[in-house]
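Work through the exercises below with the sequence and the coordinates open. Try each task before reading its solution.

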Amino acid sequence: MAWSREETVSRGEMRDIQLAKMQKTVAYVYGKNPFYRNKLDEAGVKPGDIKSLDDVRRLPFTTKMQIRDNYPFNLFTAPQEEIVEYHATSGTTGKPVVVGYTRKDLELWNEVMARACTGAGITSKDVVQNMYGYGLFTGGLGAHYGTIRVGAAVIPISGGSTQRQIMLMQDFGTTAITSTPSFLMHVCEVGEQMGVDFRKLKLRTGLFGAEPWSESMRQAIQEKLGITACDIYGLSEIIGPGVSFECHEARNGLHINEDFFYPEIIDPDTGEVLPCGATGELVITTIGNEGQPLLRFRTRDITRLSLEPCACGRTLVKMDRLSGRTDDMLIIRGVNFFPSQIESIILNRQGVAPHYLIVVERIGSMDEVNVQIEVTEDFMVRAAADVLAGSAGNILADVEVARQKVDRIRRDIKEVVGITVAVTLVPPGTIPRSEGKAKRVDDRRPR
Ligand code: DLL
C-alpha cells in the first residue's frame, strides 16, 4: 500500500499535476527572486510561456556552482522570517551549499519521507534505528521526520558509537534501520567480532542510501542481517533524502516523487533532453518547494528513467540505481570509469571484505591505480595459525590462494572496466571506516 494517492495516479493525471505546479513555480521564482528573473529574461522566457511540460526544456539550468556563488541566502525565494530550518552540504572545498526550508517545505519533506518509509514496509509498529548523521547533513533529520510521520518509533542515535548501535538494536528490539550502506557494513563487522547473530534479532527492513552501493552490497546486507534492503536517494539542494525510494516489493529501481520533483535526463555534454529509457544526467525541477525552489537543477548523478509498471502498484516513474556522478568519474589513461563499478567485483569474491580504497597516483607521466582490498578476519586467522604452526606447506598454500584472488580480481576489473590495475590485499581494519559516506577513492594525482 502506498502512503498517498498521488503515488498511484494515471500518467495523464500526474502530468496535469506537474504542469500546474510547474507553472506556479516558474511564476513564483520569477516574481520573487532577482537571480531567476535575470536568468529567465536572458533566456527570453516568461512564466506565461510554460504552456506544456515540453516547454520546460526552454528554462535555463541551475548548477551547484550557481548556488554556491549565491552563498548563503541569495537563492532563497521565501522571505527570511519564513525559513524555519537550515541544512548544508559538508563541502570539502570552499563554502558549503546552504538550503533553507519553510514550514511548508518541512511538510513536503515529511510527506516524501513517509512515502519512502512506507515503500520499505515501515509502519507504526516499527522501531527505526536512525544511523544517519544528525546535523547540517540532511540524512538524520530527513529519516527522523519520515519515521515519526508514519507513526513508527525513532531511535535518533545518529552515526558512530558502533558498539552502542548493536546494544540498542538488541535491547530496544529495533525492526528497521536507516543508514549509509558502508556504515551498516561496519556495524555488521563489529557485531560479528562480538559474536552477534543479527539474523536472530527483530530486524526486518531498512532504507539505505546517500552513497553509491551495488546490487552485491544489497545481497550482502540482506543476508547478514536477514532484512529487505531498499535504496533511498536524495540530495540536499532538492530536499535531502526522499527524492526517490525503492519499494520493498520490487527493489529494482527508485520511484521518484515526481509530483514534487520533476525529473529529466539530459546528455551531460550537450544539455540536450534524452528520451525516457536513455542513460544520462538527472536534472530536477522542484515544483513544490518554497524556501529555495530550483529550476532544472543539474544533479550530476547518472541514471535512466523507466515507466514500466511496478509490482507494488505505484505509477511514479522509476530511476535506476545510480551508476555514478559525472564528477566522480575517473579518467585513467583515457578510459572512463566509475568507482562503483569495482564494488560488485570485490563483493563477489570469497575471503575479501567489502572494504576497499581505490588509490590513483601519477608515476612519471602515467596514471596508476592500486585497488586496496581488505581480506576477511577468517582468512587472516587461518594464515596466522599456519605461520604459528610453522607449517611451510600450509603457508605456501595460503600465499597461493591470496595470489589467485588478486589475479582474479585484476582480470575481472580489466574485463569490466577496461584498465589494468594493481590489486593489494591488506589486513582487516586497515582501510579507514566512515560513520557516514564512505570515501572510496584517494586521488593523489597533482591538480
Ligand atoms: O546524501 C541525502 C541523503 C541522505 C540521501 C540519506 C539518502 C539517504 P547530499 O549529502 O547532498 O545528500 O549528497 C547527495 O549523494 O547527488 C548522490 O551523488 C549521492 N547519493 C545520495 N543517495 C544515493 C543513493 C544526501 N541512494 C549526493 N545511491 C547525490 C547513490 C547517492 N548515490
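**Exercise 1. The domain interface**

How much area is buried between domain 1 and domain 2, and what percentage of it do carbon and sulfur atoms give?

Solution.
- Keep in mind that this is a predicted model.
- Start with the bounds. The domain assignment gives domain 1 as 5-327 and domain 2 as 335-443.
- Their C-alpha centres lie 32 Å apart.
- Count the residues in contact: 23 residues come from domain 1 and 17 residues from domain 2.
- Now the area. About 1500 Å² is buried between domain 1 and domain 2, and carbon and sulfur atoms give 54% of it.
- On the domain 1 side, Glu189, Ser216 and Met217 supply 24% of the area buried against domain 2. No other three residues supply more.

**Exercise 2. Polar links across the interface**

Find how many salt bridges there are between domain 1 and domain 2. Then find which elements supply the domain 1 side.

Solution.
- The count between the two domains is 1 salt bridge.
- Arg433 forms a salt bridge with Glu189, with the closest N and O atoms 2.8 Å apart.
- Polar contacts across the interface of domain 1 and domain 2 come to 9 residue pairs, both residues at pLDDT 80 or more.
- Helix 7 (181-193), helix 8 (215-225) and strand 15 (324-325) each supply at least two residues of the domain 1 side that touches domain 2.
- Helix 7 gives the most to that side, with 6 residues.

**Exercise 3. A salt bridge between distant parts of the chain**

Locate Glu215 and Arg321, and find how many residues apart they are.

Solution.
- The overall count is 38 salt bridges.
- One of them joins the side chains of Glu215 and Arg321, at 2.7 Å from N to O.
- Glu215 sits in helix 8, while Arg321 is in the loop between strand 14 (318-319) and strand 15. They are 106 residues apart, so the pair links distant parts of the chain.
- Check exposure. Glu215 has a relative accessible area of 36%, so it is partly exposed.
- Arg321 is partly exposed too, at 23%.

**Exercise 4. Helix 11: length and packing**

What span should helix 11 have at 1.5 Å a residue, and how far apart are its end C-alpha atoms?

Solution.
- Helix 11 covers residues 392-417, which is 26 residues.
- At 1.5 Å a residue, it should span 38 Å.
- Its end C-alpha atoms are 37 Å apart, which agrees with the expected span.
- Gly418 follows helix 11 and has a positive phi, near 90°.
- List the buried residues of helix 11: Asp398, Ala402, Lys405, Val406, Ile409, Asp412, Ile413 and Val417.
- Their packing partners include helix 9 (340-347), strand 18 (352-363), strand 19 (366-375) and helix 10 (377-389).
- Turn to helix 9. Its buried residues are Ile342, Glu343, Ile345, Ile346 and Leu347. Among the elements they pack against are helix 8 and helix 11.

**Exercise 5. Salt bridges within helix 11**

Take the pairs Arg403 with Asp407 and Asp412 with Arg408. Is Asp412 buried or partly exposed?

Solution.
- Arg403 and Asp407 form a salt bridge, the closest N and O atoms being 3.1 Å apart.
- Both lie in helix 11, 4 residues apart, about one turn of the helix.
- Arg403 is at 44% relative accessibility, so it counts as partly exposed. Asp407 is partly exposed as well, at 31%.
- The side chains of Asp412 and Arg408 meet in a salt bridge at 3.7 Å, N to O.
- Asp412 and Arg408 are separated by about one helical turn because they are 4 residues apart in helix 11.
- Buried means under 20% relative accessible area. Asp412 is at 14%, so it counts as buried.
- Arg408 is partly exposed, at 38%.

**Exercise 6. A buried loop residue**

Where is Asn257 placed, and which residues is it in contact with beyond its neighbours within four places in sequence?

Solution.
- Asn257 lies in the loop between strand 9 (254-256) and strand 10 (261-266).
- Its relative accessibility is 0%, so Asn257 counts as buried.
- Leaving aside neighbours within four places, Asn257 is in contact with Val112, Arg115, Gly242, Val243, Phe245 and Leu316.
- Follow Arg115 one step further. A network of salt bridges links Arg115 with Glu7, Glu111, Asp259 and Arg314.

Technical notes:
Residues are numbered from 1 along each chain as its sequence is written. This is a predicted model: local features need pLDDT of at least 70, side-chain atom pairs count only at pLDDT 80 or more; totals for chains, interfaces and linings use all residues. Side-chain values use heavy atoms; hydrogens and water are left out. The expected span of a helix is 1.5 Å times one less than its number of residues. Buried means under 20% relative accessible area, exposed over 50%, partly exposed in between (1.4 Å probe, protein chains only). Contact means heavy atoms within 4.5 Å. Domain bounds come from an automatic or database domain assignment. Buried area is the accessible area (1.4 Å probe) that two parts lose on being put together, summed over both. A salt bridge is a side-chain nitrogen of Lys or Arg within 4 Å of a carboxyl oxygen of Asp or Glu. A polar contact is a pair of N or O atoms within 3.5 Å; within protein, one must be able to donate a hydrogen and the other to accept it, and residues adjacent in sequence count only if both atoms are side-chain atoms.
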